[in-house]
Amino acid sequence: MNIPNEENVARLILEAPIGQYIGESGADILSQQAATEISLDDGQFLYRTGDAANSFYIVTSGRLAFCRENKSTGKTSLLHTLHQGDLIGELSFIDGEPRSISVQALGAATVLCFNREDIDPLITTHPKLVFDFMRAVVKRVHHTVTAIGQQQAELADYIATGGKGRF
């Protein structure tokens, strides 16, 4: 772990999808709150299901994956790949619930870590930034729910037609 350069962090935040919601001033403020940059080796877990959620992350390099661990077989199932700019762990960070899924590095990767004790004061000092951050998270969740609904409708159509008419 190391303390990243604020200017580089601000640029990374601004270039990430969240940057379009919080803008340059928001990226500058948030960059001052980035406590550490964490380097992960291939296969290393950033966190595991059930861990406390006292931070959220932004991928700065490499790839990570949401994954499910099967305790009885020891096998890991990859569910979704995360790339540079993606937020990780923000939902559990916001609602305070333990992590609902594990995150594992796919090769060497680095993330910016934002800790609760550094972010919580922004609620009173920079409420607009916190609102914009929350708006970005809600939009992402909305997009995901919409995509899942579309996939369910396509699957239902596929089943209803006996697999005919797809593609």
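Questions on helices, a sheet and salt bridges

Student: In this predicted model, is Arg48 buried, partly exposed or exposed?
Tutor: Arg48 has a relative accessible area of 35%. Buried means under 20% and exposed means over 50%. Because 35% falls in between, Arg48 counts as partly exposed.

Student: With which residue does Arg48 form a salt bridge?
Tutor: The side chain of Arg48 meets its partner with N and O 3.0 Å apart. Arg48 is in the loop between S2 and S3 and the partner is in strand S4 (residues 64-69), so the pair ties together parts that are 21 residues apart in sequence. The partner has a relative accessible area of 26%, so that residue is also partly exposed. The residue is Glu69.

Student: What is the order of the strands in the open sheet of 4 strands?
Tutor: The pairing in this sheet is antiparallel. Strand S2 (45-47) and strand S5 (76-82) have a single partner strand each, so they stand at the edges. Neighbouring strands are turned by 35 degrees against each other on average, direction ignored. The order is S2-S7-S4-S5.

Student: Which residue in S7 stands opposite Tyr47?
Tutor: S2 pairs with strand S7 (residues 102-105) over 2 bridges, in the antiparallel sense. The residue in S7 that stands opposite Tyr47 is Val103.

Student: Where does H2 bend?
Tutor: A straight helix of 13 residues would reach 18 Å at 1.5 Å a residue, but the end C-alpha atoms of H2 are only 11 Å apart. H2 bends by about 75 degrees. The bend is at Ser25.

Student: Which elements are included in what covers the buried residues of H2?
Tutor: Among the buried residues of H2 are Ile22, Ala27, Ile29 and Leu30. The cover includes helix H1 (6-15), strand S8 (109-115), helix H4 (116-119), H5 and H6.

Student: How far apart are the end C-alpha atoms of helix H6?
Tutor: Helix H6 (residues 127-160) has 34 residues. At 1.5 Å a residue, these should span 50 Å, and the distance in the model agrees. The end C-alpha atoms are apart by 49 Å.

Student: Which elements do the buried residues of H6 pack against?
Tutor: The buried residues of H6 include Leu129, Phe133 and Val137. They pack against helix H2 (19-31), strand S3 (55-61), strand S6 (87-88), helix H3 (90-95) and helix H5 (122-125).

Student: Which residue forms a salt bridge with Arg140?
Tutor: The closest N and O atoms of this pair are 2.6 Å apart. Arg140 lies in helix H6 and the partner in helix H3, so the pair ties together parts that are 50 residues apart in sequence. Arg140 is partly exposed at 34%, while the partner counts as buried because its relative accessibility is 1%. The partner is Glu90.

Student: How many residues apart are Glu15 and Arg11 in helix H1?
Tutor: Glu15 and Arg11 form a salt bridge, with the closest N and O atoms 3.4 Å apart. Glu15 counts as exposed at 54% relative accessibility, and Arg11 as partly exposed at 41%. Their separation is about one turn of the helix, 4 residues.

Student: How many salt bridges does the structure hold?
Tutor: Side chains of opposite charge can pair when their charged atoms come close. Lys128, Asp132 and Arg135 are linked in a network of salt bridges. The number of salt bridges in the structure is 6.

Definitions and conventions
Residues numbered from 1 in each chain as written. Predicted model: local features only at pLDDT ≥ 70, side-chain atom pairs only at ≥ 80, totals over all residues. Heavy atoms only, no water. Expected span 1.5 Å × (residues − 1). Buried < 20%, exposed > 50% of the residue type's maximum accessible area, 1.4 Å probe, protein only. Contact = heavy atoms within 4.5 Å. Pairing = 2+ DSSP bridges. Axes fitted to C-alpha atoms, helices over the stretch in contact; angles between N-to-C directions. Bend = angle between axes of the 7 residues up to and from the residue. Salt bridge = Lys/Arg side-chain N within 4 Å of Asp/Glu carboxyl O.
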